[in-house]
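Here is a short note for a colleague opening this structure for the first time. Please keep the sequence and the view side by side while reading.

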Amino acid sequence: MSLGEHHYELTSTWTGNRGTGTSGYREYARDVTIQIDGKPELLASSDKPFRGDPARWNPEDLLLASLSECHLLSYLHACVTAGVVVVSYRDRATGVMREDGKGGGAFTEVVLHPEVVVADASMIAAAELAHAKANAWCFIANSVNFPVHHEATVSAASEA
């Protein structure tokens with residue numbers, strides 16, 4: 001098995017200058033455009049409590065989305081290697097971030113709630129075990145300093 005090093009690049013451009021730059025805390029928008037060559041632009045901002053635009057993605061949303069998607073993709077791979085046929089997967093991820101009172105803060109935990117449907121009831125046990133393997137394989141979960149928990153449900157599209 002070859003070990004690789006992967007590099008990623010994007011451009012984040014602040015688009016929130018209302019004409020006076022950062023002359024005051026309330027004088028600028030937190031709007032950002034994130035661009036990667038060959039992909040649609042992502043409109044981002046800070047979270048609403050931090051004077052952001054709630055219609056745009058914020059860093060907290062993106063972190064939660066990264067953890068959820070990484071687990072999903074790692075899980076699908078784990079299922080393929082275990083002979084489990086997944087026919088549906090949906091996650092309702094939740095996260096808790098606490099401010100520290102000094103202008104900063106951190107996530108304290110994320111809980112993924114995958115709802116998985118497999119092709120046959122005989123696959124349920126292996127599908128449940130695949131979550132641990134997916135957690136161990138997820139590059140993003142391995143990169144954060146807070147716990148990522150899983151409260152998964154697995155059901156079958158047809159009974160054996």
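1. Start at Y89. Y89 sits in strand β4, which covers residues 86-91. Helices (H or I, at least four residues) and strands (E, at least two) are DSSP runs, numbered from the N terminus. Y89 is buried, at a relative accessible area of 15%. Buried means under 20% relative accessible area, exposed means over 50%, and partly exposed lies in between (1.4 Å probe, protein chains only). Setting aside neighbours within four places in sequence, Y89 contacts H71, L72, Y75, P114, E115, V116 and H131. Contact here means heavy atoms within 4.5 Å. From Y89 to I140 the C-alpha distance is 19 Å, with their positions 51 residues apart in sequence.

2. A word on the basis. This is a predicted model, in which local features need pLDDT of at least 70 and side-chain atom pairs count only at pLDDT 80 or more, while totals for chains, interfaces and linings use all residues. Residues are numbered from 1 along each chain as its sequence is written, and side-chain values use heavy atoms, with hydrogens and water left out.

3. Now turn to H131. H131 belongs to helix α2. H131 is buried, with 7% relative accessibility. Beyond four places in sequence, H131 touches H71, Y75, Y89, P114, V116, A152 and V154. Y89 lists H71, Y75, P114 and V116 among its own contacts.

4. The overall fold. The protein chain holds two helices and nine strands. In sequence order the pattern reads β-β-β-α-β-β-β-β-α-β-β. The radius of gyration is 20 Å, well over the 15 Å that the globule rule gives for 160 residues, so the chain is more spread out than a compact globule. That radius is taken over C-alpha atoms, and the rule is 2.2 Å times the number of residues to the power 0.38. Along the principal axes, the C-alpha atoms fill a box of roughly 65 × 35 × 30 Å.

5. Burial, contacts and surface. Of the 160 residues in the protein chain, 29% are buried. Take the contacts between residues at least 6 apart in sequence: 53% of them join residues at least 24 apart. The chain exposes about 10,600 Å², and carbon and sulfur atoms supply 53% of that area. Accessible areas come from the Shrake-Rupley method with a 1.4 Å probe; for residues, only the protein chains shown count as cover.

6. Charge. There are 12 positive and 20 negative side chains, and the centres of the two sets lie 9 Å apart. Lys and Arg count as positive, Asp and Glu as negative; His and the chain ends are not counted. Each charge is placed at NZ of Lys, CZ of Arg, CG of Asp or CD of Glu.

7. Which cysteines form a disulfide? C70 and C138 do, with their sulfur atoms 2.5 Å apart. The rule asks for a pair of cysteine sulfur atoms within 2.5 Å, and the count comes to one disulfide. The S-S torsion of C70 and C138 is about 140°, so the disulfide is right-handed. C70 lies in helix α1 (residues 59-82) and C138 in the loop between α2 (124-137) and β8 (148-150), so the pair ties together parts 68 residues apart in sequence. C70 is buried at 12% relative accessibility. C138 is buried too, at 1%.

8. Why is C79 too far for a bond? The closest cysteine sulfur, in C138, is 14 Å from the sulfur of C79. C79 is buried, with a relative accessible area of 1%.

9. Three loop residues are worth a look. I36 lies between β2 (32-35) and β3 (42-44). I36 is partly exposed at 30% relative accessibility. Past four places in sequence, I36 touches E9 and L10. I36 and L10 are 26 residues apart in sequence, yet their C-alpha atoms are 4.9 Å apart.

10. R51 is in the loop between β3 and α1. Its phi is near 70°, a positive value in a residue other than glycine. Most residues other than glycine have a negative phi. R51 is partly exposed, at 37%.

11. V85 lies in the loop between α1 and β4. V85 is partly exposed, at 40% relative accessibility. Outside four places in sequence, V85 touches V117, V118, A119 and M123. V85 and G4 are 81 residues apart along the chain, with 28 Å between their C-alpha atoms.
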